[in-house]
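Work through the exercises below with the model open beside you. Try each task before reading its solution.

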Amino acid sequence: MAPPRLSPSGRSSLIDSLRAFSLSGVRVNKEHLQNKITFPEYLRRAMADAIRAKDASAVQLFEVGQGQHPVEWPIVVFINSKSGGRHGPKLKARLQELMGEEQVFDLSEVKPHEFVQYGLSCLENFANLGDNCAKATREKLKIVVAGGDGTVGWVLGCLEELNRQGRLPIPPTGVIPLGTGNDLSRSFGWGGSFPFNWKSSVKSTLEKVARGPTARLDSWQVLISMPAGEKLELPYSLKEAEETPPDQELEVEGELPEKMIYSGYSCQQGWFCTPCSSYPGLRSLKNILRIHIKKLNHSKWEQIPVPSSVRSIVVLNLPSYGSGRNPWGKLKPDYLEKASDIRFELRGGEWKKSYLQMDGEPWKQPMDKDFSTFVEIKRVPNQSLMVRAE
């Protein structure tokens with residue numbers, strides 16, 4: 001029998017795994033690593049207590065830590081223990097073995113915004129009281145996310161709150177890929193799959209995060225505006241933000257309903273919609289979709305025609321898509337449109353819903369035959385900080 005032929009994405013995942021396997025040839029001493037990344041106990045306990053109590057002002061442990069020295073590579077890990085199949089719980093235990101248990105947060109128990117609001121605030125409060133150990137830990141802190149693209153986007157979106165609140169610096173983020181596609185992880189050199197020799201690889205990854213250079217990733221806000229009364233089940237990668245109205249510069253055909261729902265969300269990687277139907281006459285997006293963009297450094301909206309043959313639209317700011325494929329190829333500059341704002345207008349007619357996805361997380365968007373639903377993607381000034389693997 002001829003051996004099975006691997007798809008491009010399958011070959012990419014296999015190569016990533018083999019590459020990760022070969023990297024473990026550089027052995028990382030466990031005890032040395034623990035001494036470099038494990039916080040002093042009083043800081044671990046203080047952060048855990050603040051998150052548990054949802055109160056960052058408690059400073060009972062402040063006096064305990066006076067005179068202690070910070071570690072060289074302070075690292076906090078967020079893990080989606082439900083990702084990676086059977087590896088998730090084992091990886092969590094391994095990470096807790098390599099550092100203080102309080103530095104490893106299971107996202108089913110502690111949400112990243114809770115860490116930002118209470119855990120980091122606890123460090124900042126200690127630093128403001130004159131704790132040099134807490135100050136150095138906060139300034140040098142790095143984040144590791146063990147999960148898929150949606151999980152990474154969720155964490156990055158929560159860290160974006162620090163920019164809005166002026167709480168700098170923003171901790172750079174590295175990745176342990178546990179998802180299916182892992183395109184965000186691939187784009188920054190962390191691989192496309194969980195490695196075969198994961199126990200050794202975890203130590204190597206933590207050291208690479210500590211030593212790796214920082215890169216920047218554009219951040220985007222997504223605004224969904226739709227007629228009131230609809231219930232929308234959204235994935236956790238869409239972090240709800242404050243209510244904000246849509247851009248009023250673009251004229252809309254027809255009337256707007258008296259009440260609309262305005263919901264803001266943060267997006268790190270890419271967004272696309274793929275409506276499908278069993279009726280051949282309804283399969284073209286041209287029937288339900290109108291697209292406008294603002295080109296980079298331009299202020300006017302331009303409509304982009306939707307060919308009748310198009311059945312999906314992809315908005316992407318990464319060199320990897322669909323489990324390692326290169327969506328851009330070798331495009332000539334004339335073919336590459338760089339947009340700072342994109343607006344989708346969806347109106348149902350015979351359609352009842354469209355299928356949308358962000359950072360690998362899908363949802364069904366209800367549509368109305370009389371009123372439009374709008375999805376606006378806006379580039380925001382601040383960029384997320386990523387650690388690039390070398």
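The mean pLDDT of this predicted chain is 78, and 76% of the residues reach 70 or more.

**Exercise 1. Confidence**

Find which element has the lowest mean pLDDT and which has the highest. Then look for stretches where pLDDT is under 50.

*Solution.*
- Step 1: Rank the elements. Helix 1 (residues 8-23) has the lowest mean pLDDT, 43. Strand 1 has the highest, 96.
- Step 2: Check the start of the chain. Over residues 1-25 the pLDDT is below 50. Beyond near neighbours in sequence, the model gives this stretch 27 contacts.
- Step 3: Scan further along. Residues 241-269 also stay under 50 in pLDDT. For them the model has 93 contacts beyond four places in sequence.
- Step 4: Decide how to treat such regions. Where pLDDT is low, predicted coordinates should not be read in detail.

**Exercise 2. Overall make-up**

Count the helices and strands in the chain. What share of the residues is buried?

*Solution.*
- Step 1: Count elements. The chain has 9 helices and 15 strands.
- Step 2: Take burial. Of the 390 residues, 52% are buried.
- Step 3: Take contact range. Consider contacts between residues at least 6 apart in sequence: 79% of them join residues at least 24 apart.

**Exercise 3. The two faces of helix 2**

Which residues of helix 2 (residues 30-37) are buried? Explain how they are arranged around the helix axis.

*Solution.*
- Step 1: List the buried positions. They are Leu33, Lys36 and Ile37.
- Step 2: Look down the axis. The buried residues of helix 2 fall within an arc of 80°, so they line one face.
- Step 3: Recall the helical repeat. An α-helix has 3.6 residues a turn, so residues three or four places apart point the same way.
- Step 4: Turn to the other side. Glu31 and Asn35 are exposed there.
- Step 5: Identify the cover. Strand 1 (75-79), helix 4 (87-98) and helix 9 (198-211) are among what covers the buried residues.
- Step 6: Inspect the N-terminal end. Asn29 caps helix 2, with a side-chain oxygen 3.1 Å from the backbone nitrogen of Glu31.

**Exercise 4. Helix 6 and Arg138**

Is Arg138 buried or exposed? Describe its surroundings.

*Solution.*
- Step 1: Place the residue. Arg138 sits in helix 6 (residues 132-140).
- Step 2: Test burial. The cut-off for buried is under 20% relative accessible area. Arg138 has 6%, so it is buried.
- Step 3: Add the rest of the helix. Cys133, Ala134, Ala136 and Thr137 are buried in helix 6 too.
- Step 4: Find the packing partners. The buried residues of helix 6 pack against helix 3 (41-53), helix 5 (112-128) and helix 7 (149-165).
- Step 5: List contacts beyond four places in sequence. Arg138 touches Leu120, Leu123, Glu124, Leu162, Arg167, Leu168, Pro169 and Pro171.
- Step 6: Check the cap. A side-chain oxygen of Asp131 lies 3.0 Å from the backbone nitrogen of Cys133, capping the N-terminal end of helix 6.

**Exercise 5. A buried aspartate**

What does Asp106 touch beyond four places in sequence?

*Solution.*
- Step 1: Place Asp106. It lies in strand 2 (residues 104-106).
- Step 2: Test burial. Its relative accessible area is 5%, so Asp106 is buried.
- Step 3: List the contacts. Asp106 touches Ile79, Ser81 and Lys92.
- Step 4: Compare sequence and space. Asp106 and Ser81 are 25 residues apart along the chain, yet their C-alpha atoms are separated by 6.5 Å.
- Step 5: Look for a polar partner. The side chains of Asp106 and Ser108 make a polar contact at 2.8 Å.

**Exercise 6. Strand 15 and its partners**

How do strand 5 and strand 15 run, and how many bridges join them? Repeat for strand 12.

*Solution.*
- Step 1: Pair strand 5 (residues 214-227) with strand 15 (residues 373-387). They run antiparallel, joined by 11 bridges.
- Step 2: Check the register. Arg216 is bridged to Leu385, and Ser225 stands opposite Phe374.
- Step 3: Judge enclosure. In strand 5, 11 of 14 residues are buried, so the rest of the structure largely encloses it.
- Step 4: Add strand 12 (residues 339-346). It pairs with strand 15 over 6 bridges, also antiparallel. Here Phe344 has Val375 as bridge partner.

**Exercise 7. Nonpolar cores**

How many residues does the largest nonpolar core have?

*Solution.*
- Step 1: Size it. The largest core has 68 residues.
- Step 2: Find its hubs. Ile75, Leu91, Leu95, Phe115, Ile143 and Leu206 have the most contacts inside it.
- Step 3: Expand one hub. Beyond four places in sequence, Phe115 touches Met47, Ile51, Val76, Phe78, Phe105, Leu120, Leu141 and Ile143.
- Step 4: Look for another core. A second, separate one has 22 residues, including Trp220, Val315, Phe344 and Leu346.

Methods:
Residues are numbered from 1 along each chain as its sequence is written. Side-chain values use heavy atoms; hydrogens and water are left out. Buried means under 20% relative accessible area, exposed over 50%, partly exposed in between (1.4 Å probe, protein chains only). Helices (H or I, at least four residues) and strands (E, at least two) are DSSP runs, numbered from the N terminus. The arc is that of the directions from the helix axis to the C-beta atoms. Contact means heavy atoms within 4.5 Å. A polar contact is a pair of N or O atoms within 3.5 Å; within protein, one must be able to donate a hydrogen and the other to accept it, and residues adjacent in sequence count only if both atoms are side-chain atoms. Two strands pair if DSSP finds at least two bridges between them. A nonpolar core is a set of buried Ala, Val, Leu, Ile, Met, Phe, Trp, Tyr and Cys residues joined through side-chain atoms within 4.5 Å. pLDDT is the predictor's confidence in each residue, from 0 to 100.
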